[in-house]
Amino acid sequence: MHRDLLKSKLERYNPDNLEEINDKQKMLDFLHTCENCFDNAVSFGHFTGTCWLVNNDNTQFLLTLHRKIGLWLTLGGHADGCNDLIQVALREAHEESGLSHIDAVSSDIFDVDVHLIEKQNDVPAHYHFDVRFLLRTSDRNEDIKISNESKDLRWFSEPPYNFSNLGSDIPRLFRKWKKFQKN
């Protein structure tokens, strides 16, 4: 996604709560002030591409138990210098799920989130400016495969609220998806 295209998509994106309104503005400011904002070598932070991945009949969503962080999260990751964040989300979904038939439901932004990643080994604490897209599998018979980035990978029909290590953003993403299903 070219910088101008990301800027345009962010400007058109309508957050549905105060946290997202603030995060959207942080993203626009960061995009404006950081020339290398897609490069994960930027120590302050960088843009990431993530997805809310649903199955082909739109009844379940996929979460990963992240190996390093220890939380159930959506699939996604570093842009590695790529400025096309929907392509980043698609690439990461393929890599982290083993699924080869994944498509974007829309090229519009589904969610935004800015969060701090704590220091890990020699990587200092930094921010992820996470742009999220709604993706869907197109093959109902394809099996998921746990990657080396995950401890577990599962389909859910509702958030596993009884998991103490559920990512704090999952209920919001679930609510948005349910709203999307009704439209």
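This passage describes the salt bridges, a helix, a strand residue, a surface patch and the cysteines of a predicted model.

The salt bridges are considered first. Across the whole structure, 16 salt bridges are found. One of them pairs the side chains of arginine 132 and aspartate 111, with an N to O distance of 2.7 Å. Arginine 132 belongs to strand 7 and aspartate 111 to strand 6, so this pair ties together parts that lie 21 residues apart in sequence. Both ends of the bridge fall under the 20% limit for buried residues. Arginine 132 is buried, at 3% relative accessibility. Aspartate 111 is also buried, at 0%.

Aspartate 111 has a further partner. Its side chain meets that of arginine 172 in a salt bridge of 2.8 Å, N to O. This pair links distant parts of the chain, with arginine 172 in helix 4 and aspartate 111 in strand 6, 61 residues apart. Arginine 172 is buried, as is aspartate 111.

Another salt bridge joins aspartate 152 and arginine 154 through their side chains, at 2.9 Å from N to O. Aspartate 152 counts as buried, with 17% relative accessibility. Arginine 154 is partly exposed, with a relative accessible area of 36%. Elsewhere, salt bridges with shared partners connect Glu19, Glu20, Asp111, Asp113, Asp130, Arg132, Asp169, Arg172 and Lys176 into one network.

Helix 4 contributes to this network through Arg172 and Lys176. The helix covers residues 170–182 and has 13 residues. From its first C-alpha to its last, helix 4 reaches 19 Å, close to the 18 Å expected at 1.5 Å a residue. Its buried residues are Ile170, Arg172, Leu173, Phe174, Lys176 and Trp177. Two helical and strand elements that help to cover these buried residues are helix 2 (18–33) and strand 1 (45–54). The cover also includes strand 2 (61–66), strand 3 (72–73), strand 6 (111–117) and strand 7 (126–137).

Strand 1 also holds leucine 53. This leucine is buried, at 1% relative accessibility. Beyond residues up to four places away in sequence, leucine 53 touches Gln60, Phe61, Leu62, Leu75, Leu99, Ile102, Leu135, Arg136, Thr137 and Trp155. The C-alpha atoms of leucine 53 and leucine 71 are separated by 17 Å, and these two residues are 18 apart along the chain.

At the surface, Phe44, Leu116 and Tyr127 make a nonpolar patch of about 280 Å². Tyrosine 127 is located in strand 7. Its relative accessible area of 32% makes tyrosine 127 partly exposed.

The cysteines were examined for disulfides. A disulfide is a covalent bond between the sulfur atoms of two cysteines. With a cut-off of 2.5 Å between sulfur atoms, the count comes to zero disulfides. For cysteine 51, the closest cysteine sulfur is that of cysteine 82, 15 Å away and therefore too far for a bond. Cysteine 82 is likewise in no disulfide, and its nearest cysteine sulfur, in cysteine 37, is 12 Å away. Cysteine 51 is buried, at 1% relative accessibility. Cysteine 82 is partly exposed, with a relative accessible area of 26%.

Notes. Residues are numbered from 1 along each chain as its sequence is written. This is a predicted model: local features need pLDDT of at least 70, side-chain atom pairs count only at pLDDT 80 or more; totals for chains, interfaces and linings use all residues. Side-chain values use heavy atoms; hydrogens and water are left out. Buried means under 20% relative accessible area, exposed over 50%, partly exposed in between (1.4 Å probe, protein chains only). Helices (H or I, at least four residues) and strands (E, at least two) are DSSP runs, numbered from the N terminus. The expected span of a helix is 1.5 Å times one less than its number of residues. Contact means heavy atoms within 4.5 Å. A salt bridge is a side-chain nitrogen of Lys or Arg within 4 Å of a carboxyl oxygen of Asp or Glu. Patches are made of residues with over 30% relative accessible area and no salt bridge: like charges are joined within 9 Å, nonpolar side chains (Val, Leu, Ile, Met, Phe, Trp, Tyr) within 5 Å. Accessible areas come from the Shrake-Rupley method with a 1.4 Å probe; for residues, only the protein chains shown count as cover.
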